[in-house]
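Got your viewer open? Here's a short tour, one selection at a time.

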Amino acid sequence: MSEQSAAPRKAIVATGEMKRLMSDHFLSLDQAKKEGRPKVAWCTSVGPAELLHSLGFLVYYPENHGALLGATRMATDFIPVANAIGYSPDICSYLTADVGAYLKGQTPLTNAYGLATIPKADVLVYNTNQCRDVQDWFAFYAREWNVPLVGVHTHRNIKSVKEHHITDLATQIKQMVPTLEEVSGNKFDVDRLRETVRLSLECTKLWRQVLECGAAKPAPLTFFDATILMAPAVVLRGLPEAVEFYKRLLQELQERIEQGVAAVQGERHRLYWEGMPIWGKLRNLSDLFSSLHTNIVASTYCNSWIFDAFDPKEPFESMARAYTELFIVRDESYKEAYIRDWARTFAIDGIIFHDAKTCPNNSNSRYGMPQRMSEGLNLPTLVINGDLNDLRCYSEEQAKTNIEAFIEQLDERR
Ligand code: SF4
């Protein structure tokens, strides 16, 4: 058994600034709804946020709200409310938690930022590159509020991204422009779009560098830190404040590396996390891994906001490429090669797969991948059954026992 001890952690200073940024973001959305301007667009986490910013919308991300519902453990109370109106317990628990919270008239934004309600959408904009659930989720609100619903349908299960994938998606994004002009009351301006894409590119490059800090030994941040610190890359991408924030965060992490500051004291093992976070158990899991002197130094999930392809010279085409090149859009062989690459670069000792009950799209353990990765990389793998938000699908005791046994296995290999 690995030696277990309380492992004090040095807080990341930039987290305080991030909280202020997030507060400003939600307060500006609230103000916009009170004043009727600017208009508010709801957008799926991967975009096309750049187009919305360029048209002057304030952008709200329901998946971020879903994660907040999970992290505050409010989700488990609200999911049955959505189930009662016909949304299955087997579909995305972001969707069911969010719809349930809406039906109950509650939101974690009240305690966190003083908002009485979520900001109502003037238009709903989805991208199915991650799943179909987002379209059905937004369709609920389109019916509820009688507001326009537009979106794009990305090709899926792609081995290599081809020109026709890009042309098709870029055309779909362009076709949304007239509706978005009408709702926003602003004329589309390609130079504003180029500038937003440029800012998104800068943000994403910095976010990549932040995550790459995890390759240092010892690593200066954990997967659990990154799930929190990624918030500006999700909700403020395309805005200058996200760029400034990641410059400061990167500097802090680079200083930590220079000074040998470890996020996990006495780092003994380095793991890769494949799949969604278990939002309501982030703290417990973080403490557990710290006590086992094990750091989760890389993950597919946090990498999902790295968009290398953005290019202000070709804003529509590069958005299409960035949203299509993502891990979640790709086939099994691409995904395996991707994880292998990160595992080698980050000197990973083992991989944890989270099989999230209500998100098959982000659960890659169901068709033999852990076994193949284990053989190919000669690394142990562990599958944890759970869920992003529905804690009824997660047994803390069982997960703890399995994780401890897994770390013992890693100890024996040293
Ligand atoms: S990818 Fe998964 S978690 Fe995200 S919206 Fe779709 S079903 Fe929900």
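Start by selecting Y272: across from it, in strand β6, stands A298. Keep in mind as you click around that this is a predicted model.

Now widen the selection to the two strands. Strand β5 covers residues 269-274 and pairs with β6 in the parallel sense, over five bridges. Colour residues 294-299 next, since that stretch is β6. Is β6 mostly covered or mostly open? It's mostly covered: six of its six residues are buried.

Add helix α14, residues 282-291, to the picture. Together, β5, α14 and β6 make a β-α-β unit, and this unit is right-handed.

Next stop: the ligand. Which residues surround the ligand? Select C92, Y94, Q130, C131, D133, V134, M276, C359, N361, N362 and L388 to see them. This shell splits into seven nonpolar residues, three polar ones and one charged one. Stay on C131 for a moment: it's buried, with a relative accessible area of 10%.

Last, hunt for sulfur bridges. A disulfide is a covalent bond between the sulfur atoms of two cysteines. How many disulfides does the count come to? Zero. To see one case, select C393 and C92. Why is there no bond here? The closest cysteine sulfur to that of C393 is the one in C92, and it's 12 Å away, so the gap is too far for a bond. For a disulfide, the two sulfur atoms would have to be within 2.5 Å. While C393 is selected, check its surface too: at 25% relative accessibility, C393 counts as partly exposed.

Definitions and conventions. Residues are numbered from 1 along each chain as its sequence is written. This is a predicted model: local features need pLDDT of at least 70, side-chain atom pairs count only at pLDDT 80 or more; totals for chains, interfaces and linings use all residues. Side-chain values use heavy atoms; hydrogens and water are left out. Buried means under 20% relative accessible area, exposed over 50%, partly exposed in between (1.4 Å probe, protein chains only). Helices (H or I, at least four residues) and strands (E, at least two) are DSSP runs, numbered from the N terminus. Two strands pair if DSSP finds at least two bridges between them. A crossover is right-handed if, with the strands pointing away from the viewer, the path from the first strand over the helix to the second runs clockwise. A residue is near a molecule or strand if one of its heavy atoms lies within 4 Å of it. Ala, Val, Leu, Ile, Met, Phe, Trp, Tyr, Cys and Pro count as nonpolar, Asp, Glu, Lys and Arg as charged, and the others, Gly among them, as polar.
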